Amino acid sequence: MDPTTAGGALAAKFGVAFAGFVGAILSLSFLKGLTRGQAFCAVLTGFSCSVFLTPLLVAYFSLPADVESRYGVAFLVGLLAMNLIPGVKAALERLLAARSA
């Protein structure tokens, strides 16, 4: 990617965030039965995980530090982080049921 153009510089700066956001949005197709609020929280979770965990994962697994690798990792983290939402949802429902009983 050529960072000398305005579009290239913008993509280099926000590419990881965009890739993670797209991954988080696409993962909604795998989650069924969510309300709008839960879907928003699911996208926010996937997006946040991709933005903050991508540099950690690239460094930890000694992946290539080029732009394309970071975009791919961000997309996958955004896509896969959503698998946590059903488990968290079930755990919160059990916790709330235990407190109300």
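Helices, in the sense used here, are DSSP runs of H or I with at least four residues, and strands are DSSP runs of E with at least two. In this predicted model, the secondary structure of the protein chain comes to 4 helices and 0 strands. Followed along the sequence, the chain shows the pattern α-α-α-α. The chain has 101 residues, of which 26% count as buried. Among the contacts with a separation of 6 or more, 66% join residues that lie 24 or more positions apart.

The packing of two helices is a suitable place to begin. Two packed helices are described by the angle between their axes and the distance between the axes. Here α2 and helix α3, which spans residues 67–80, pack at an angle of about 135°, and their axes are 8 Å apart. An angle is called roughly perpendicular from 65 to 115 degrees and roughly antiparallel over 145; α2 is therefore oblique to α3. The crossing of these two helices, α2 and α3, is right-handed. On the side of α2, the contact is made by G46, C49, S50, L53, T54, L57 and V58. On the side of α3, the contact is made by R70, V73, A74, V77 and G78. Sorted by class, the contact of α2 with α3 has 7 nonpolar, 4 polar and 1 charged residues.

One of the α2 residues in this contact is T54, which deserves a closer look. T54 has a relative accessibility of 2% and so counts as buried, since the limit for that class is under 20%. Leaving aside residues up to four places away in sequence, T54 touches V16, C49, R70, V73 and A74.

A residue of helix α1 provides a second example. A19 is found in helix α1, and its relative accessible area of 12% makes it buried. With residues up to four places away in sequence not counted, A19 touches Y71, A74 and F75. A74 is thus a residue that A19 touches and that T54 touches as well. A19 and L76 are 57 residues apart in sequence, while their C-alpha atoms are 8.6 Å apart in space.

The next topic is the aromatic side chains. A pair of aromatic rings is described by the distance of the centres and the angle of the planes. The structure holds 2 aromatic pairs. In one of them, the rings of F21 and F47 have their centres 6.1 Å apart and their planes at 85°, so this pair is edge-to-face. The pair links distant parts of the chain, because F21 belongs to helix α1 (residues 6–27) and F47 to helix α2 (residues 36–60), 26 residues apart. F21 is partly exposed, with a relative accessible area of 39%, and F47 is partly exposed at 28%.

The other pair is formed by Y60 and F61. Their ring centres are 5.0 Å apart and their planes stand at 85°, so this pair is edge-to-face too. Y60 is exposed, and F61 is likewise exposed.

A last residue to examine is S62. S62 lies in the loop between α2 and α3. Although S62 is not a glycine, it has a positive phi of about 50°. Is S62 buried or exposed? S62 counts as exposed, because its relative accessibility is 63% and the exposed class begins over 50%.

Conventions:
Residues are numbered from 1 along each chain as its sequence is written. This is a predicted model: local features need pLDDT of at least 70, side-chain atom pairs count only at pLDDT 80 or more; totals for chains, interfaces and linings use all residues. Side-chain values use heavy atoms; hydrogens and water are left out. Rings of Phe, Tyr and Trp (its six-membered ring) pair if their centres lie within 6.5 Å; planes under 30 degrees apart count as stacked, over 60 as edge-to-face and the rest as tilted. Buried means under 20% relative accessible area, exposed over 50%, partly exposed in between (1.4 Å probe, protein chains only). Axes are lines fitted to C-alpha atoms, for helices over the stretch in contact, and angles run from 0 to 180 degrees between N-to-C directions. Angles under 35 degrees count as roughly parallel, over 145 as roughly antiparallel, 65 to 115 as roughly perpendicular and the rest as oblique. A crossing is left-handed if the near helix is turned anticlockwise from the far one by less than a right angle, and right-handed if clockwise. Contact means heavy atoms within 4.5 Å. Ala, Val, Leu, Ile, Met, Phe, Trp, Tyr, Cys and Pro count as nonpolar, Asp, Glu, Lys and Arg as charged, and the others, Gly among them, as polar.
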